[in-house]
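Work through the exercises below with the sequence and the coordinates open. Each task is followed by a solution in steps.

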Amino acid sequence: MSKTINVLFLAAEADPFIKVGGLGDVAGVLPRELRALSNDEIKLDVRLVLPYHPAVKAENLRPLDLFSIPRGDSEVGVEAFETTLNGLPVYFIGGEPIRANGSVYSLDAAKDSEKYAFFSMAAMELPKHINWQPDVIHANDWHTSLSLYVNLTKRWEAGAKHVAGVITLHNLPFMGADVGAILESYGVKLAQTDLPEWARVLPLPLGLWASDAIVAVSPGYAGEVLTEEFGCGLYDFLNLRKESLSGILNGIDMVSFDPSVDKALSVNYSLDTFNRRTENKELLQEKLGLARDPNVPLLAVISRMDVQKGVDLAFTALKNMKRINFQAVILGTGDPKLEEAARELQTLFPDKIKAELKFDANLARQIYAGADMILMPSRYEPCGLAQMIAMRYGCVPVVRSVGGLKDTVKPNETGFVFEKMHHMSLVSAIKAGMKTLTDREKWETLQRNGMAKDFSWEASAREYLKIYQSLVK
């Protein structure tokens with residue numbers, strides 16, 4: 001008889017219901033990949049729980065239950081809904097604190113804290129209303145990390161069954177705002193912890209402290225958060241928890257991101273029909289209003305406009321390449337100052353650089369399929385997905401040696417890697433790429449190496465399964 005492990009998987013967003021960033025990709029795929037590992041020896045019953053944001057798009061959503069959670073002298077109503085996604089049970093938690101803050105993430109830290117604290121509390125009550133008991137609670141980032149803290153403190157008070165807590169760390173600097181008063185209003189006491197004093201009222205540190213296992217989204221990032229440079233003031237605490245910290249590389253959806261069948265592309269291609277890729281480059285150049293020339297290096301930046309991503313470094317590097325023959329396309333939105341800097345670049349080099357300041361998933365795929373190189377000069381990069389998607393499409397990454405970038409891009413084998421956070425280091429790496437590009441045989445080998453890499457979620461899911469198994473023994 002197979003052993004069953006029940007996993008309650010909590011996230012702020014998940015594709016295809018609602019997606020803002022990389023977490024949406026992870027939470028949309030990983031729970032399904034985990035369930036797919038079920039076999040005669042073990043069954044993984046993973047269930048996804050999301051906030052019912054006003055912008056959520058979900059078909060066949062069924063009302064499940066109405067219940068409430070106490071807050072002060074009153075109660076807060078909770079609405080629960082359910083649906084399925086390719087066999088994965090998905091639950092949505094609604095209520096006034098979630099409706100009051102329409103966007104998934106806002107600039108109002110207090111509103112976000114209220115919303116996600118409520119969501120975490122309500123999610124911990126949900127199993128009672130679906131007649132199902134989790135063995136593992138799997139939280140993601142600060143938004144759902146309080147679920148682990150509530151799970152632990154309630155267990156102490158009630159002497160309930162041990163439910164293991166796992167937290168995936170996607171981005172350590174984002175820890176949430178002070179929730180001390182909010183927790184107290186819900187009757188959750190602040191425990192004595194070995195966290196730094198400033199961190200004892202922040203959601204992410206509390207979740208890290210209460211977890212049984214901490215998983216960074218790449219082995220490289222797992223090592224980096226133990227250092228002063230990347231540890232965001234928690235490196236001493238995280239070093240104390242080193243035995244329960246690991247790194248599991250995120251994957252990509254290899255079915256969705258497949259140039260041989262991708263409907264966003266005008267010309268599909270594979271390793272067997274690789275010569276057809278050039279047509280996508282020329283079509284992209286035409287679409288962007290650039291000169292159609294298969295020989296000019298076409299560079300790409302596909303990114304959130306954020307200093308973390310080092311896009312400012314990329315812009316400075318491109319400015320310093322005015323005497324070099326190249327073309328570049330910039331796709332993304334974010335920081336208004338960086339968006340303006342992208343517009344200025346286009347104005348300075350109207351025949352070379354095109355700035356597409358928007359979110360356009362189809363155009364992104366066309367750029368992956370047509371550009372020669374993608375630039376990712378991140379200040380830090382917990383995992384990064386763009387470099388893996390780019391390789392899948394034969395677009396060669398030029399990356400800084402941080403986090404998941406150094407784990408996934410092998411110098412001179414699948415891409416180009418530089419160390420120093422300086423625009424001239426990036427320029428040198430781009431020039432090395434351009435030099436290799438003139439040798440078509442070498443360049444095609446780089447492209448084919450990248451396309452042949454297996455960045456599927458299955459390997460990552462198996463690593464998570466090992467952690468679950470170790471916790472529920």
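The exercises cover a sheet, the helices on it, a helix pair and two single residues, all in a predicted model.

**Exercise 1. The sheet**

Task: State the strand order of the open sheet, and find which strands stand at its edges and why one side of each is left without a neighbour.

Solution.
- Step 1. Nine strands make up the open sheet, in the order β3-β4-β5-β2-β1-β6-β7-β8-β9. Their pairing is mixed.
- Step 2. The edges are β3 (62–71) and β9 (245–247). Each has a single partner strand, so one side of each has no neighbour in the sheet.
- Step 3. On average, neighbouring strands of this sheet are turned by 25° against each other, direction ignored.

**Exercise 2. A parallel pair and the helices on the sheet**

Task: Describe how β1 is joined to β6, then determine which strands helix α1 touches and which strands helix α6 touches.

Solution.
- Step 1. Strands β1 (residues 3–10) and β6 (residues 136–140) run parallel and are joined by three bridges. Within this pair, V7 stands opposite V136 of β6.
- Step 2. Helix α1 (residues 22–35) packs on the sheet and touches β1, β2 (42–51), β4 (74–85), β5 (88–94) and β6. The direction of α1 makes about 155° with that of β2.
- Step 3. Helix α6 (residues 203–210) also packs on the sheet, touching β7 (164–169) and β8 (213–216). The direction of α6 makes about 135° with that of β7.

**Exercise 3. Strand β8 and its partners**

Task: Give the bridges that join β8 to β7 and to β9, and sort the named side chains of β8 by the way they point.

Solution.
- Step 1. Strands β7 and β8 run parallel, joined by four bridges. Here T168 stands opposite V215 of β8.
- Step 2. Strands β8 and β9 also run parallel, with three bridges between them. In this pair A216 stands opposite G247 of β9.
- Step 3. From β8, A213 and V215 point one way, while I214 and A216 point the other way. All four of these residues are buried.

**Exercise 4. A residue in β9**

Task: Is L245 buried or exposed, and which residues does L245 touch beyond four places away in sequence?

Solution.
- Step 1. L245 lies in strand β9.
- Step 2. The relative accessible area of L245 is 13%. Buried means under 20%, so L245 is buried.
- Step 3. Leaving out residues up to four places away in sequence, L245 touches I214, A216, A222, V225 and L226.
- Step 4. For one of these contacts, A216, the C-alpha to C-alpha separation from L245 is 7.5 Å, with their positions 29 residues apart in sequence numbering.

**Exercise 5. A helix pair**

Task: Classify the packing of α9 against α12 and list the residues that make the contact.

Solution.
- Step 1. The axes of α9 (residues 277–288) and α12 (residues 361–370) come within 8 Å and cross at roughly 125°.
- Step 2. This angle makes α9 oblique to α12. The crossing is left-handed.
- Step 3. From α9, the contact uses R277, N280, K281, L284 and K287. From α12 come L363, Q366, I367, Y368, A369 and G370.
- Step 4. By class, the contact has five nonpolar, three polar and three charged residues.

**Exercise 6. A loop residue**

Task: Where is the place of N101, and is N101 buried or exposed?

Solution.
- Step 1. N101 sits in the loop between α2 (96–99) and α3 (109–129).
- Step 2. N101 has 4% relative accessibility, so N101 counts as buried.
- Step 3. Not counting residues up to four places away in sequence, N101 touches P54, S106, K111, D112 and K115.

Note on methods. Residues numbered from 1 in each chain as written. Predicted model: local features only at pLDDT ≥ 70, side-chain atom pairs only at ≥ 80, totals over all residues. Heavy atoms only, no water. Pairing = 2+ DSSP bridges. Helix = DSSP H or I, 4+ residues; strand = E, 2+ residues; numbered from the N terminus. Axes fitted to C-alpha atoms, helices over the stretch in contact; angles between N-to-C directions. Contact = heavy atoms within 4.5 Å. Parallel < 35°, antiparallel > 145°, perpendicular 65-115°, else oblique. Left-handed = near helix turned anticlockwise from the far one by under 90°. Nonpolar A, V, L, I, M, F, W, Y, C, P; charged D, E, K, R; others polar. Buried < 20%, exposed > 50% of the residue type's maximum accessible area, 1.4 Å probe, protein only.
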